[in-house]
Number of protein chains: 2
Amino acid sequence: MPRSKVYVKSVGMTTVADHWNDSILDLAVEASRGALKGHSKKPDQIIVGNMFSAVGARQEHLGALVATALGLAGIPAFKVEAACSSGGSAFNVGFNLVKWGAIDSALVVGVEKMRDLEPEEVSQALAMAESAEYTQFVGATFAALNGLLARYYMEQLGVTRDELSAIPVIDHANAVAAPHAQFRKAITPEVVSRSSMIADPLRLFDCAPVGDGAAAVLLVNDSAASGTKRKMAEVLGGKISTNDFSIYEREDMLDFKATRLAFKGALQEAGVAPGKLSTLEVHDAFSVVGALSLEAMGYSKRGQGAKDAKAGRYSRGSDLPINTFGGLKARGHPVGATGVYQIAEAYLQLTDQAGKNQVEGAKYAATQNIGGVDTTSAVHVFGRAA
Amino acid sequence: MPRSKVYVKSVGMTTVADHWNDSILDLAVEASRGALKGHSKKPDQIIVGNMFSAVGARQEHLGALVATALGLAGIPAFKVEAACSSGGSAFNVGFNLVKWGAIDSALVVGVEKMRDLEPEEVSQALAMAESAEYTQFVGATFAALNGLLARYYMEQLGVTRDELSAIPVIDHANAVAAPHAQFRKAITPEVVSRSSMIADPLRLFDCAPVGDGAAAVLLVNDSAASGTKRKMAEVLGGKISTNDFSIYEREDMLDFKATRLAFKGALQEAGVAPGKLSTLEVHDAFSVVGALSLEAMGYSKRGQGAKDAKAGRYSRGSDLPINTFGGLKARGHPVGATGVYQIAEAYLQLTDQAGKNQVEGAKYAATQNIGGVDTTSAVHVFGRAA
């Protein structure tokens with residue numbers, strides 16, 4: 001039996017932007033200070049989610065680096081990496097350590113510095129989510145792989161260009177009122193379909209942008225939570241799953257198995273039925289990935305993810321609004337930080353701090369954070385703290 | 001209360017060597033297959049310890065990569081990084097998840113591919129353990145920092161060149177009969193003191209070598225362990241601690257605080273008195289680091305670590321033989337793998353599988369794995385399984 005309930009007690013975020021004047025450490029510290037503000041008690045543990053600080057900032061050992069910068073040297077600290085699901089995976093470690101009683105509290109901070117790299121270097125860095133010996137070796141970029149997947153999705157299941165544009169349109173509409181979002185500007189489907197070609201059929205606006213950012217959450221158990229006047233979100237369940245590594249190794253490329261398994265496991269642990277979610281953060285690094293994710297989680301039938309989005313199923317005001325702060329496309333996708341941004345956003349919804357993006361009476365929220373092309377998926381489910 | 005006792009049920013290792021024909025994945029798989037051999041049940045989790053696969057192999061996302069290569073896609077997997085203590089830190093996560101009941105079993109594999117890099121690239125990769133904005137910025141390599149520390153240690157505390165050579169001499173003597181060691185050749189103190197200068201006063205034989213390797217351990221709880229005929233080692237305690245990040249930020253550079261705190265915490269959790277250890281794996285990435293580590297753990301008084309080593313206190317046949325398979329200097333130091341090698345070696349001692357290196361009747365063993373200059377320290381304590 002688990003030892004304790006687990007709560008997200010507070011969060012901190014930087015804007016997702018070109019942070020030319022801030023180092024990766026500056027960003028991590030700003031987000032962490034936001035999450036720790038007003039807390040006198042030190043967290044028991046620091047866990048940093050990050051994918052490629054080695055190439056993005058020539059920096060490893062982020063755990064101890066962040067601990068020292070926060071004046072917390074002494075406490076255990078390390079980094080967790082699982083490509084673009086580094087943030088969600090780091091959170092999962094903290095969640096389980098608190099839930100099962102190993103520690104009382106943990107600061108989980110996701111951070112990535114991408115904009116100091118040249119565009120080709122970003123491509124090379126992201127490609128490290130894929131096999132160096134096979135996928136990278138043949139020169140396939142990460143965008144190219146998702147382009148192949150999008151072509152296959154459209155041709156096999158009869159999905160149109162305009163349908164594919166629907167999720168980016170939702171994201172941009174939601175980002176307008178999101179203070180931390182990278183692109184706070186609404187777009188039309190035509191903006192997507194007329195944007196530059198990146199990896200046929202994926203265009204610029206099908207793809208998450210490059211940006212710098214950090215997000216942090218403070219996780220606490222029952223006793224550390226007691227007596228607080230803060231509004232909190234409860235972490236009800238969480239699971240990481242993996243898929244066969246690369247899409248070419250899979251029986252069915254259109255089945256996002258890692259997400260399917262992680263979503264099922266997380267909801268089961270949470271004891272929440274899929275229909276009960278008030279809002280959902282979907283890992284739409286590319287439009288096609290958002291659509292296939294919604295299908296893997298069972299909200300859309302096979303081939304219907306993009307179509308349902310176009311029909312308004314996932315927009316604000318619908319039964320299941322997704323990416324209420326802009327998702328990966330418009331809030332931005334500083335890769336190792338993204339999973340923690342999603343969780344901070346779920347917290348804002350469940351504590352009625354989402355401002356103009358508030359989903360009225362939001363009761364349950366989930367976050368889905370992918371590494372690779374659904375190679376790793378970390379899903380977490382949240383509720384209002386009683 | 002913890003949920004279960006935790007056991008190291010089996011281990012696997014590659015030799016530490018120049019593995020020109022093996023990729024980082026090949027090495028991780030070879031070690032993992034060794035640890036999983038004869039086990040029909042899948043582990044619940046894979047945790048990879050690695051420091052710089054991003055620059056050493058242009059590869060991240062090792063968790064899912066290893067899972068798929070082992071035919072284990074589906075299960076949760078991620079990488080843990082804490083510079084040279086990545087292996088010990090990865091193990092600590094697995095240990096706590098099993099101990100507290102989150103999972104029943106975990107495969108922890110440490111791996112590093114260093115030899116594909118040019119020597120300057122290795123220096124740059126290791127320097128990522130230190131701050132990019134300060135220490136790296138002024139051009140201080142990791143060896144240079146340890147050189148400064150060695151000079152200070154010798155001048156402040158009256159330690160001689162010959163005394164500093166004692167730990168490398170012990171390591172090389174112990175590696176002769178270690179099948180997986182990188183340098184199986186005994187040396188004299190003169191070999192150390194006459195070897196090339198690397199970072200004054202540190203010479204080539206004061207420094208751990210560059211090599212490729214992987215080590216893996218299978219961790220199980222009570223129920224997963226029950227009914228086995230295998231000899232196992234019990235994990236009695238473990239702790240990660242951090243120090244102020246860089247040596248120049250510390251009140252006392254000669255106090256290895258991270259190791260001191262981690263060692264104290266791990267022994268306390270284990271309920272084992274320091275005097276009860278039969279053998280100890282010390283993180284002697286540089287001779288001076290080995291000496292200061294022995295002082296931080298309380299086995300030698302301040303300034304006496306190297307002197308005690310020269311006097312025979314830590315040699316085979318003494319009360320506390322260290323680094324019985326060669327330590328970082330002679331077994332080798334594939335950085336992210338080292339912490340797991342140490343644990344695999346403690347297992348071999350406690351299950352009477354250490355061959356010619358066997359410490360007769362070894363009852364308790366500990367491993368100390370450092371990242372940076374004692375910036376992070378992960379200590380674990382092991383006993384014979386009842």
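Reader: Which residues point one way from S3(A), and which point the other way?
Author: In this predicted model, A:Ala77, A:Lys79 and A:Glu81 point one way from S3(A), while A:Phe78 and A:Val80 point the other way, and all of them are buried. The strand is accordingly described as mostly covered, with five of its five residues buried.

Reader: OK, and what does S3(A) pair with inside chain A?
Author: Within chain A, strand S2 (residues 46-49) pairs with S3(A) in the parallel sense, over four bridges. To give one position in that pairing, A:Val80 in S3(A) is the bridge partner of A:Gly49.

Reader: How many bridges join S3(A) to S3(B), and are they parallel or antiparallel?
Author: Three bridges join strand S3 (residues 77-81) of chain A to S3(B), and the two strands run antiparallel. In that pairing A:Lys79 stands opposite B:Glu81.

Reader: Then the wider contact between the chains: how many residues does each chain bring?
Author: The contact takes 52 residues from chain A and 52 residues from chain B. On the chain B side, the elements that each supply at least two residues are helix H2 (53-56), helix H3 (62-69), strand S3 (77-81), helix H4 (86-99) and strand S8 (233-242). By residue class, the side of chain B that touches chain A divides into 27 nonpolar, 18 polar and seven charged residues.

Reader: Before I go further, what are the confidence scores?
Author: The model scores ipTM 0.98 and pTM 0.98. For chain A the mean pLDDT is 97, and 100% of its residues reach 70 or more.

Reader: Switching to H6(A), how far does the helix reach?
Author: Helix H6 of chain A covers residues 142-157, which is 16 residues, and it reaches 22 Å from its first C-alpha to its last, close to the 22 Å expected at 1.5 Å a residue. Just after H6(A), A:Gly158 takes a positive phi of about 65 degrees.

Reader: Which of its residues are buried, and what do they pack against?
Author: The buried residues of H6(A) are A:Phe142, A:Leu145, A:Asn146, A:Gly147, A:Leu148, A:Leu149, A:Ala150 and A:Tyr153. In chain A they pack against helix H5 (119-127), helix H7 (161-164), strand S5 (197-199), strand S6 (202-203) and helix H12 (287-296).

Reader: Where is A:Pro201, and is the peptide bond leading to it cis or trans?
Author: A:Pro201 is found in the loop between S5 and S6 of chain A, and the peptide bond from A:Asp200 to A:Pro201 is cis, with omega near 10 degrees. In chain B, the bond from B:Asp200 to B:Pro201 is cis too, with omega near 5 degrees, and B:Pro201 has its place in the loop between strand S5 (197-199) and strand S6 (202-203) of that chain. As background, most peptide bonds are trans.

Reader: I'd like to look at phi as well; what is the value at A:Arg58, and where does A:Arg58 lie?
Author: A:Arg58 has a positive phi of about 50 degrees although it is not a glycine, and it is found in the loop between helix H2 (53-56) and helix H3 (62-69) of chain A. A:Arg58 is partly exposed, with 18 other C-beta atoms within 10 Å.

Reader: And A:Asp374, buried or exposed?
Author: A:Asp374 counts as buried because it has 29 C-beta neighbours inside 10 Å, the cut-off for buried being 20 or more. A:Asp374 lies in the loop between strand S10 (364-371) and strand S11 (376-384) of chain A, and it has a positive phi of about 55 degrees although it is not a glycine.

Reader: Which residues touch the most other members of the largest nonpolar core?
Author: That core has 279 residues, and those touching the most other members are A:Ala28, A:Val66, A:Val217, B:Ala28, B:Val66 and B:Val217. Leaving aside neighbours within four places in sequence, B:Val217 is in contact with B:Val8, B:Val11, B:Ala35, B:Val108, B:Val340, B:Ile343, B:Ala344 and B:Tyr347.

Reader: Last one: why does B:Ala266 count as buried?
Author: B:Ala266, in helix H11 (residues 257-270) of chain B, counts as buried because it has 26 C-beta neighbours inside 10 Å. Beyond its neighbours within four places in sequence, its contacts are B:Gly237, B:Gly238, B:Lys239, B:Ala366, B:Val379, B:His380 and B:Val381.

Conventions. Residues are numbered from 1 along each chain as its sequence is written. Chains are lettered from A and ligands numbered from 1 in the order in which they are written. This is a predicted model: local features need pLDDT of at least 70, side-chain atom pairs count only at pLDDT 80 or more; totals for chains, interfaces and linings use all residues. The expected span of a helix is 1.5 Å times one less than its number of residues. A residue is buried if 20 or more other C-beta atoms lie within 10 Å of its own, exposed if 12 or fewer, and partly exposed in between; C-beta atoms are placed from the backbone. Two residues are in contact if their C-beta atoms, placed from the backbone, lie within 7 Å. A nonpolar core is a set of buried Ala, Val, Leu, Ile, Met, Phe, Trp, Tyr and Cys residues joined through C-beta atoms within 7 Å. Ala, Val, Leu, Ile, Met, Phe, Trp, Tyr, Cys and Pro count as nonpolar, Asp, Glu, Lys and Arg as charged, and the others, Gly among them, as polar. Two strands pair if DSSP finds at least two bridges between them. pLDDT is the predictor's confidence in each residue, from 0 to 100.
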